[in-house]
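Got the model open in your viewer? Let's walk through it, one selection at a time.

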Amino acid sequence: MRVNKSAIGVFEEFAEDYLNFEKKPKKNIFWLDTMEFLCNRFGNPELACPSFHVAGSKGKGSVSMMIATILNEAGYRTGLYSSPHILDFIERIGTCNGPFQEEVYEKSVKELIDFVSSVKTEDLPGERPITWFELVTLLGILSFANAKCDYSVYEVGLGGRLDATNVLKPAVCCINQIELEHTEFLGNTVEKIAAEKGGIIKENTPVFVAEQTESVKEVFRKIAKDRSAPIYFVDEISKISEIVYKNRRMHCKIESYFFKRPLQLALRMPGDFQARNAALAALAVKQVLPEIDEVTIEKGLEKAALPGRFEIDGNIIFDGAHTVKSIGYTMDTLEKIFEGEGPANHHLLFGCAADKEVERMAACFKGRFSKVSVTKPGSVKESDLERMKKAFDMAGIEYFSCGDHLKAIPYALEKAREENARLLVTGSFYLVSEVKKYLLSQKCLGK
């Protein structure tokens, strides 16, 4: 259910007329001087409270949420900026527990619209138009300032170096694992992509980096050295052990010289990779606030949860995995949580954007599902159904395909119900969103 409908609704309507990269990808639309111009005109609200800046090819949303829940558990009022949203735009700007009070959004939206409406194109750097994501980021910055947050956590939208969030002067930077993604915008090698992600590293600002290949580590080392930024690789300063799945939670132990004692966790977000995300989040918080004790970190991490991250709802599993590694992690988690269940117990509904490595992703599914449905992940992202079909053909997987997600979704759900199977919805957060919207509409209709 929408909260803050009035203020956020007004903003969404206002922002609809601006170039939206999420809906219409376009090259050469990334720069920072517009955001710097906007923030300067507002008196630099991005500096209103210390911030955490999180980048990476995957897992950055989970790490951002984990940092926010730790800070919240410690008693700090913490703003959380993330993307994309699953059901409601308000998911992007709020706290780890939900939205701010309506007054915060009303004030922030009014300030933003009043100012942006008065700006002439010739006033803007290079006379370039403001983009949708820049407006959204500015709204997040203003909201955190108006909410008088003690801390804020920002998830990078795309890349890092030229992302709108990179106007921040964070207390610490975090970079999660790097892999090939958005190659037409970020580069066609992991090293080039790492250079873009590493663009968030600031002068004399600590940066914590998740496990990487040695070549990627070297990219980050060089950037950090050039900027006199202390750099810590999580796999080199911590150890994760005793991973056990019990009652749909993942239990693990994390050791590091940053902690007075090992962390003992029972995470709501399952998957071995979430243990690594938890280590990254905990270390970053300890760097900024060393006085936070281990009990607080444990309680905070155990409250962290995000929609669409191996979210189990009855017999449906929602997972927005959209890279080869993340799909692999999802398959691994599926087997560990539902140990002993075979392909007959599991169905798949898959759809991905056109720029994804669908050939390698499809290969991860072979022999794991008794029914497979392939579709487009909604109408927001460009998708290539024929390429998806060829990928599943190459993987030797039988499937049902339909280019209309509004028909494919009820088909997949009905087949899973008929066979009492679990349905995994994956490949895109946009597909997860569409399935959730469909289920909500059916619930409202009493079906």
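Start with Cys 402, which is buried, with a relative accessible area of 15%. Bear in mind as you look around that this is a predicted model. Now find the closest cysteine sulfur: it belongs to Cys 352 and is 16 Å from the sulfur of Cys 402, too far for a bond. Next, jump to Cys 173, which also counts as buried because its relative accessibility is 0%.

How many disulfides does the structure have? The count comes to 0. For Cys 173, the nearest cysteine sulfur is that of Cys 174, 7.5 Å away, and Cys 173 is in no disulfide.

**The open sheet**

Switch to cartoon and colour the strands. You should find an open sheet of 7 strands, ordered S3-S2-S4-S1-S5-S6-S7, with mixed pairing. At its edges are S3 (93–94) and S7 (231–233), each of which pairs on one side only.

Now zoom in on S1 (residues 51–55) and its neighbour S4. The two run parallel, joined by 4 bridges. To pick out one bridge, select Ser 51 together with its partner in S4, Ser 152.

**Aromatic rings**

Stay with S4 and show side chains. Select Tyr 154, in strand S4 (residues 151–155), then Tyr 81, in strand S2 (residues 78–81); this pair ties together parts that are 73 residues apart in sequence. Their ring centres are 5.7 Å apart and the planes meet at 45°, so call this pair tilted. Are these two tyrosines buried or exposed? Both Tyr 81 and Tyr 154 are buried.

Then pick Phe 100 and Tyr 105. This pair is tilted too, because the planes are at 45°, and the ring centres lie 6.0 Å apart. Phe 100 and Tyr 105 are both buried.

Add Phe 133 and Phe 144 to the selection, and you have one aromatic cluster made up of Tyr 81, Phe 100, Tyr 105, Phe 133, Phe 144 and Tyr 154. If you want to go hunting for others, the structure holds 23 aromatic pairs.

**Charges over rings**

Two quick stops here. Select Trp 31 and Arg 128: the charged end of the arginine sits over the ring, 4.5 Å from its centre. Then move to Phe 318, where the charged end of Lys 436 sits over the ring at 4.6 Å from the centre.

**The nonpolar cores**

Which residues have the most contacts inside the largest nonpolar core? Select Phe 52, Ile 67, Leu 71 and Leu 301 to see them, in a core of 43 residues. Now highlight helix H10 (residues 272–288), which gives the most to this core, with 9 residues.

Centre the view on Leu 301 and show what is around it. Leaving aside residues up to four places away in sequence, Leu 301 touches Met 66, Thr 69, Ile 70, Leu 265, Leu 267, Ala 278 and Ala 282. For a second, separate core, of 41 residues, select some of its members, including Ala 7, Phe 37, Ile 93 and Leu 142.

**Last stop: a hairpin**

Go back to Leu 265, in S10, and select Cys 252, which stands opposite. S9 (residues 249–256) and S10 run antiparallel, with 5 bridges joining them, and the hairpin between these two strands passes through 6 residues. Finish by showing the surroundings of S10 (residues 263–267): 4 of its 5 residues are buried, so this strand is largely enclosed by the rest of the structure.

Key. Residues numbered from 1 in each chain as written. Predicted model: local features only at pLDDT ≥ 70, side-chain atom pairs only at ≥ 80, totals over all residues. Heavy atoms only, no water. Phe/Tyr/Trp six-rings, centres within 6.5 Å; stacked < 30°, edge-to-face > 60°. Buried < 20%, exposed > 50% of the residue type's maximum accessible area, 1.4 Å probe, protein only. Lys NZ or Arg CZ within 6 Å of the ring centre and 35° of its normal. Core = buried A, V, L, I, M, F, W, Y, C linked by side-chain atoms within 4.5 Å. Contact = heavy atoms within 4.5 Å. Disulfide = S-S within 2.5 Å. Pairing = 2+ DSSP bridges.
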